[in-house]
Amino acid sequence: MFPIVFVVTTLMDMGKMLLIQPTEEMSKQIRVELNENVATRDSDLKIIKEWLAKQPHLPTIDDDLMLMTFLRGCKFSLEKCKQKLDMYFTMRAAAPEFFSNRDITRPDMREICSAVQVPPLPGLTKNGCRVIVMRGKDKDVPTPNVAECMKLVMMIGDVRLREELRGVAGDVYILDASVATPAHFAKFTPTLVKKFFVCVQEAYPVKLKQVHVVNVSPFVDTIVNFVKPFLKEKIRNRIFMHSTMETLYEYIPREILPSEYGGDAGPIQAIHETWIKKLEEYGPWFDAQDSLKANEALRPGKPKTHDDLFGVDGSFRQLSID
């Protein structure tokens with residue numbers, strides 16, 4: 001009997017540990033930063049739902065959790081929230097390589113999950129930010145399908161739209177370059193990278209606070225310089241390079257970091273596997289989301305074209321690998 005109880009309790013705890021929510025005291029601070037007024041947020045949500053229902057080119061959405069996350073990410077600016085939601089559903093139609101066939105059990109997605117780890121960490125920083133780690137597992141493993149890797153990142157992003165129940169102050173990314181090689185990045189074309197960053201920066205209610213690059217090498221500078229033109233200026237100014245973990249701890253408390261980074265949160269593989277399990281559970285939800293996208297034929301005024309959204313191809317150079 002004891003082992004069964006132990007296993008069930010452990011699984012329940014793992015589910016709870018997916019995303020630890022802010023304490024009430026921390027939530028009070030976050031609400032101030034996000035302009036969230038407890039007395040008026042429900043009426044703001046109602047306004048957004050009524051607006052969505054009147055947009056002929058957008059799907060009908062009755063997901064209060066997701067819409068509240070958009071409001072928080074837009075600091076409760078109704079106009080900005082409308083723009084983000086419009087772009088979110090527009091991107092779902094314009095970038096099918098990221099937003100279709102999102103089945104984590106497919107063989108190619110399984111291959112990616114065995115090659116990379118991109119989990120949000122359960123804990124929060126002292127100022128209420130969520131930390132996401134991105135890293136490859138083995139430098140000798142060939143680069144998997146890059147678009148599918150980006151799809152995995154946005155699948156997790158979509159789950160967070162529904163599971164960040166109380167709102168966080170923003171996102172902090174840790175990019176681990178320990179296994180990065182020129183061969184890996186040869187498949188990162190400017191067109192694909194630009195499309196990815198347009199999606200992330202324009203369509204998701206993400207407040208990107210900082211990017212920390214660890215296990216740096218001279219090659220990493222080349223990668224960062226390649227990516228910078230695709231980033232908004234305020235984000236370019238928030239990239240920090242770390243040659244040791246000690247400087248990382250000045251920004252992110254050790255207790256929420258995985259053991260691989262000298263932290264107390266356990267092995268990153270266990271956190272990664274919990275997320276993959278969550279994506280499996282969301283399988284039916286992802287299937288239902290396939291049809292929820294903008295219909296440009298019904299957009300009032302001028303339909304948005306590929307060039308409107310992503311610019312003209314060829315305006316950026318391919319990453320030069322020496």
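Angles over 145 degrees between N-to-C directions count here as roughly antiparallel, a convention that applies to the first view of this predicted model.

**Figure 1. Packing of helix α5 against helix α10.** Helix α5 covers residues 78–94 and helix α10 covers residues 190–203. Their axes cross at roughly 155° and come within 9 Å of each other; α5 and α10 are therefore roughly antiparallel. The crossing of α5 past α10 is left-handed. On the α5 side the contact is formed by Lys84, Met87, Tyr88, Met91 and Ala94, and on the α10 side by Lys195, Val198, Cys199, Gln201, Glu202 and Ala203. Sorted by class, the residues of this contact comprise seven nonpolar, one polar and three charged.

**Figure 2. Packing of helix α3 against helix α5.** Helix α3 spans residues 41–53, and the axes of α3 and α5 come within 11 Å. The crossing angle is roughly 45°, so α3 lies oblique to α5. In this pair, α3 passes α5 in a right-handed crossing. Helix α3 contributes Asp44, Ile47, Ile48, Trp51 and Leu52 to the contact, while α5 contributes Leu78, Cys81, Lys82, Leu85 and Asp86. The contact of α3 with α5 holds seven nonpolar and three charged residues, with no polar residue.

**Figure 3. Packing of helix α8 against helix α10.** Helix α8 runs over residues 146–163, and its axis lies 11 Å from that of α10. The packing angle is about 10°, which means that α8 is roughly parallel to α10. The contacting residues of α8 are Val146, Ala147, Met150, Val153 and Met154; those of α10 are Leu192, Val193, Phe196 and Cys199. This contact consists of nine nonpolar residues, with no polar and no charged residues. Cys199 of α10 appears in this contact with α8 and also in the contact of α10 with α5.

**Figure 4. Loop residues with positive phi: Asn35 and Phe76.** Most residues other than glycine have a negative phi. Asn35, which is not a glycine, has a positive phi of about 60°. Asn35 is placed in the loop between α2 (24–33) and α3. Phe76, likewise a residue other than glycine, has a positive phi near 60°. The loop that holds Phe76 lies between α4 (64–73) and α5.

**Figure 5. The segment annotated as "domain: CRAL-TRIO" in UniProt.** The annotation comes from an unreviewed UniProt entry and lists residues 109–269. Over residues 109–269 the chain is 39% helix and 20% strand. The C-alpha atoms at the two ends of residues 109–269 are 16 Å apart.

**Figure 6. Setting of the close-up views within the whole predicted model.** The protein contains 16 helices and six strands. Its radius of gyration is 20 Å, close to the 20 Å given by the globule rule for 322 residues, so the protein is as compact as a globular protein of that length. The C-alpha trace spans about 55 × 50 × 40 Å along the principal axes of the protein.

How values were computed
Residues are numbered from 1 along each chain as its sequence is written. This is a predicted model: local features need pLDDT of at least 70, side-chain atom pairs count only at pLDDT 80 or more; totals for chains, interfaces and linings use all residues. Side-chain values use heavy atoms; hydrogens and water are left out. Axes are lines fitted to C-alpha atoms, for helices over the stretch in contact, and angles run from 0 to 180 degrees between N-to-C directions. Helices (H or I, at least four residues) and strands (E, at least two) are DSSP runs, numbered from the N terminus. Angles under 35 degrees count as roughly parallel, over 145 as roughly antiparallel, 65 to 115 as roughly perpendicular and the rest as oblique. A crossing is left-handed if the near helix is turned anticlockwise from the far one by less than a right angle, and right-handed if clockwise. Contact means heavy atoms within 4.5 Å. Ala, Val, Leu, Ile, Met, Phe, Trp, Tyr, Cys and Pro count as nonpolar, Asp, Glu, Lys and Arg as charged, and the others, Gly among them, as polar. UniProt positions are given in the numbering used here, feature names are shortened, and annotations may be inferred rather than shown by experiment. The radius of gyration is taken over C-alpha atoms; the globule rule is 2.2 Å times the number of residues to the power 0.38.
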